[in-house]
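User: Please take a close look at the salt bridges in this model. Then place them against the nonpolar parts around them.

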Amino acid sequence: MPPAPIDQDRYRRLSDLITAGLAVMTTRQGSHDVAVTVDSYLDVSYDPPTMLVALYGMSRAAEAAEETGHFCLNVLAEDQQDLADRFGTPASPLIGLLSGLEITRTVQGDAVLDGSLAHFAIRIEQAVDAATHRLLIGPVTEMGEGRASAGPAVRFAGEKHDLR
């Protein structure tokens, strides 16, 4: 007998019980910055240093990252929850997306958000479809430590939390 179908609403509620660190993926599309909040990312390997980020497959961010072949993952600090909200808003404007923020740039030109815990520049070597998402996988080409002594921005049960 085949298993019963999974109820998507229940799945969403239960999967929200997985604590996830918040980050912002940045890349470029032409002369414009593209940034989106992500909570589905992981370090795949230490040898060689390799990471994966999951993005909605039909998103401007996924398209831009694949076009450029690289992106920067900015791991957010607990006091950067507002950035998670800012870049997690659907259909945010492309022009002026990073206005008012202190940033530096990776060698490839992707934005590094000042005050983040750490950042990782990643060159995309694989892009894999998984349900509605695109998994972008590749080696870390550059990284930096920000405020490692700060606590992380996290999401649990669909809400942002402070671990301290």
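Analyst: A salt bridge here is a side-chain nitrogen of Lys or Arg within 4 Å of a carboxyl oxygen of Asp or Glu. The model is predicted. Side chains of opposite charge can pair when their charged atoms come close. By this rule the count is 6 salt bridges.

Start with Arg134 and Asp129. Their side chains meet in a salt bridge, 2.8 Å from N to O. The two partners differ in cover. Arg134 is buried, at 18% relative accessibility. That value counts as buried because the cut-off is under 20%. Asp129 is exposed, at 59%.

Arg134 also leads to the nonpolar interior. Leu55 is in contact with Arg134, and with His133 and Leu136. Leaving aside neighbours within four places in sequence, Leu55 further contacts Met25, Val36, Val38, Ala61 and Ala62.

Leu55 belongs to the largest nonpolar core, which has 23 residues. Leu55 is among the members that touch the most others there, along with Met25, Val38, Phe71, Leu73, Phe120 and Ile122. The elements giving two or more residues to this core are β2 (23-29), β3 (32-38), β5 (49-56), α2 (60-68), β6 (70-75), β9 (118-123) and β11 (133-145). Helix α2 gives the largest share, 4 residues. Apart from this core lies another, of 12 residues, including Ala35, Ala84, Leu97 and Leu98.

Next, Asp33 and Arg28. Their side chains form a salt bridge at 3.0 Å, N to O. Asp33 is buried, with a relative accessible area of 13%. The pair does not stand alone: Arg28, Asp33 and Arg105 are linked in a network of salt bridges.

Then Asp79 and Arg147. The closest N and O atoms of this salt bridge are 2.6 Å apart. Asp79 lies in the loop between β6 and α3 (81-87), and Arg147 in the loop between β11 and β12 (154-156), so the pair ties together parts 68 residues apart in sequence. Arg147 is partly exposed, with a relative accessible area of 32%.

Last, the surface. Leu14, Leu17 and Phe156 form a nonpolar patch there. Together they have about 250 Å² of accessible area. Leu14 lies in helix α1 (residues 8-15). Leu14 counts as partly exposed, at 39% relative accessibility.

Key:
Residues numbered from 1 in each chain as written. Predicted model: local features only at pLDDT ≥ 70, side-chain atom pairs only at ≥ 80, totals over all residues. Heavy atoms only, no water. Patch = residues over 30% accessible without salt bridge, like charges linked within 9 Å, V, L, I, M, F, W, Y side chains within 5 Å. Areas by Shrake-Rupley, 256 points an atom, 1.4 Å probe, with all protein chains shown as cover. Buried < 20%, exposed > 50% of the residue type's maximum accessible area, 1.4 Å probe, protein only. Core = buried A, V, L, I, M, F, W, Y, C linked by side-chain atoms within 4.5 Å. Contact = heavy atoms within 4.5 Å.
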